[in-house]
Structure formats: C-alpha cells, structure tokens
Amino acid sequence: LDEHVGLFDEVLASDGRVNLRGKNKVAALVARFGAKGFDYIGNDSTDVAVWRECRTAYVANGSGAVRRKAAAELPPTQIGTGLWTGLGLKPISGNW
C-alpha cells in the first residue's frame, strides 16, 4: 500500500516472522515513538493493548463491543473526539 500510495514516511508491519499485532505491535510502537508518543486508530479488541500505550485512541469501524471494552479500560482524556468525523471514525466512547 505504501509503495502504491506514497503517503507514508515510515511503515511498521508484520514481516513473515513477527506478527505485528497486540503485544508485538505495542512493543514496536513504544520502541519507535515512546509511551504516549503516538496516536492510534484501531478496530479490534487486540488494539486495546496498543490504546493503553498511546496518547489518543480512536476506533475505525469497530464494533460496539470494541468501543465499550476500550472505554471501560482507558481514561476519558485518552479517548479521541469527533475530530475524525469526516473520515468515518468514531471516538471509543461512542459519544458525539
């Protein structure tokens, strides 16, 4: 995708040996940007681990269960707002 679009400066991704998901994704992002040094858009329950370490968490097309799980585990100050409405993203809390 990055080569086709040419939009990104850097890509962190699974490489066939390490599945960059859950705790592996957390480790890679924190190593690169530091704890609370990045915002993260996710859509799955495995993203909750990443949201715990990011500055601001957003849900993109996540189920209500994913939004509720994240909202229950994250402080309100870490949950994104309606800033992303035009991109079809929803804040974890589901409140606009």
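Buried means under 20% relative accessible area, exposed means over 50%, and partly exposed covers what falls in between. Keep that in your pocket for the legends below, which all show a predicted model.

**Figure 1. The whole chain, from end to end.** Let's start with the overall picture. The protein chain has four helices and three strands. Starting at the N terminus, the elements come in the order α-α-β-α-β-α-β. Of the 96 residues in the chain, 29% are buried. The accessible surface adds up to about 6,300 Å², and carbon and sulfur atoms own 52% of it. Now take the contacts in the chain with a separation of 6 or more: 24% of them are between residues 24 or more positions apart.

**Figure 2. R21 and D44 shake hands.** Here the side chains of R21 and D44 meet in a salt bridge, with 3.5 Å from N to O. R21 sits in the loop between α1 and α2, while D44 sits in the loop between β1 and α3, so the pair ties together parts that are 23 residues apart in sequence. Is D44 buried, partly exposed or exposed? D44 has 28% relative accessibility, so it counts as partly exposed. Its partner R21 is at 46%, so R21 counts as partly exposed too. While you are looking at D44, find N61 as well: the two are 17 residues apart in sequence, and their C-alpha atoms are 9.0 Å apart in space. N61 belongs to the loop between β2 and α4 (64–73). With 74% relative accessibility, N61 counts as exposed.

**Figure 3. R32 reaches for E10.** This is another of the six salt bridges in the structure. The side chains of R32 and E10 come together at 2.9 Å, N to O. Which parts of the chain does this pair tie together? R32 is in helix α2 and E10 is in the loop between α1 and α2, so the link joins parts that are 22 residues apart in sequence. R32 is partly exposed, with a relative accessible area of 43%, and E10 is partly exposed at 39%.

**Figure 4. A salt-bridge network with R52, K69 and E73.** Zoom in on E73 and R52, whose side chains meet in a salt bridge of 2.2 Å, N to O. This pair links distant parts of the chain, with E73 in helix α4 and R52 in helix α3, 21 residues apart. K69 joins in as well: R52, K69 and E73 are linked in a network of salt bridges. E73 is partly exposed, with a relative accessible area of 32%. R52 is also partly exposed, with a relative accessible area of 39%.

**Figure 5. D47, a buried charge without a salt bridge.** D47 is found in the loop between β1 (40–42) and α3 (48–53). D47 is buried, yet it has no salt bridge. How far away is the nearest side chain of opposite charge? That side chain is K25, and it is 4.1 Å away. The cut-off matters here: a salt bridge needs the side-chain nitrogen within 4 Å of a carboxyl oxygen, so 4.1 Å does not qualify. Leaving out residues up to four places away in sequence, D47 touches K25, Y40 and G42.

**Figure 6. Y58 and its neighbour in space, Y40.** Y58 is part of strand β2 (residues 57–60). Its relative accessible area is 6%, so Y58 is buried. Y58 and Y40 are 18 residues apart along the chain, with 6.2 Å between their C-alpha atoms.

**Figure 7. Two rings, one tilted pair.** The structure holds one aromatic pair. The rings of F33 and F38 have centres 6.3 Å apart and planes at 45 degrees, so the pair is tilted. F33 counts as partly exposed at 40% relative accessibility, whereas F38 counts as buried at 5%.

**Figure 8. A nonpolar patch on the surface.** V5, L7, F8 and V11 make a nonpolar surface patch of about 380 Å². One of them, F8, lies in the loop between α1 (2–5) and α2 (23–33). F8 is partly exposed, with a relative accessible area of 42%.

**Figure 9. K36 and its positive phi.** K36 is in the loop between α2 and β1. What is the phi of K36 near? The angle is near 65 degrees, a positive value in a residue other than glycine. K36 is partly exposed, with a relative accessible area of 40%.

Methods:
Residues are numbered from 1 along each chain as its sequence is written. This is a predicted model: local features need pLDDT of at least 70, side-chain atom pairs count only at pLDDT 80 or more; totals for chains, interfaces and linings use all residues. Side-chain values use heavy atoms; hydrogens and water are left out. Helices (H or I, at least four residues) and strands (E, at least two) are DSSP runs, numbered from the N terminus. Buried means under 20% relative accessible area, exposed over 50%, partly exposed in between (1.4 Å probe, protein chains only). Contact means heavy atoms within 4.5 Å. Accessible areas come from the Shrake-Rupley method with a 1.4 Å probe; for residues, only the protein chains shown count as cover. Patches are made of residues with over 30% relative accessible area and no salt bridge: like charges are joined within 9 Å, nonpolar side chains (Val, Leu, Ile, Met, Phe, Trp, Tyr) within 5 Å. Rings of Phe, Tyr and Trp (its six-membered ring) pair if their centres lie within 6.5 Å; planes under 30 degrees apart count as stacked, over 60 as edge-to-face and the rest as tilted. Lys and Arg count as positive and Asp and Glu as negative; His and the chain ends are not counted.
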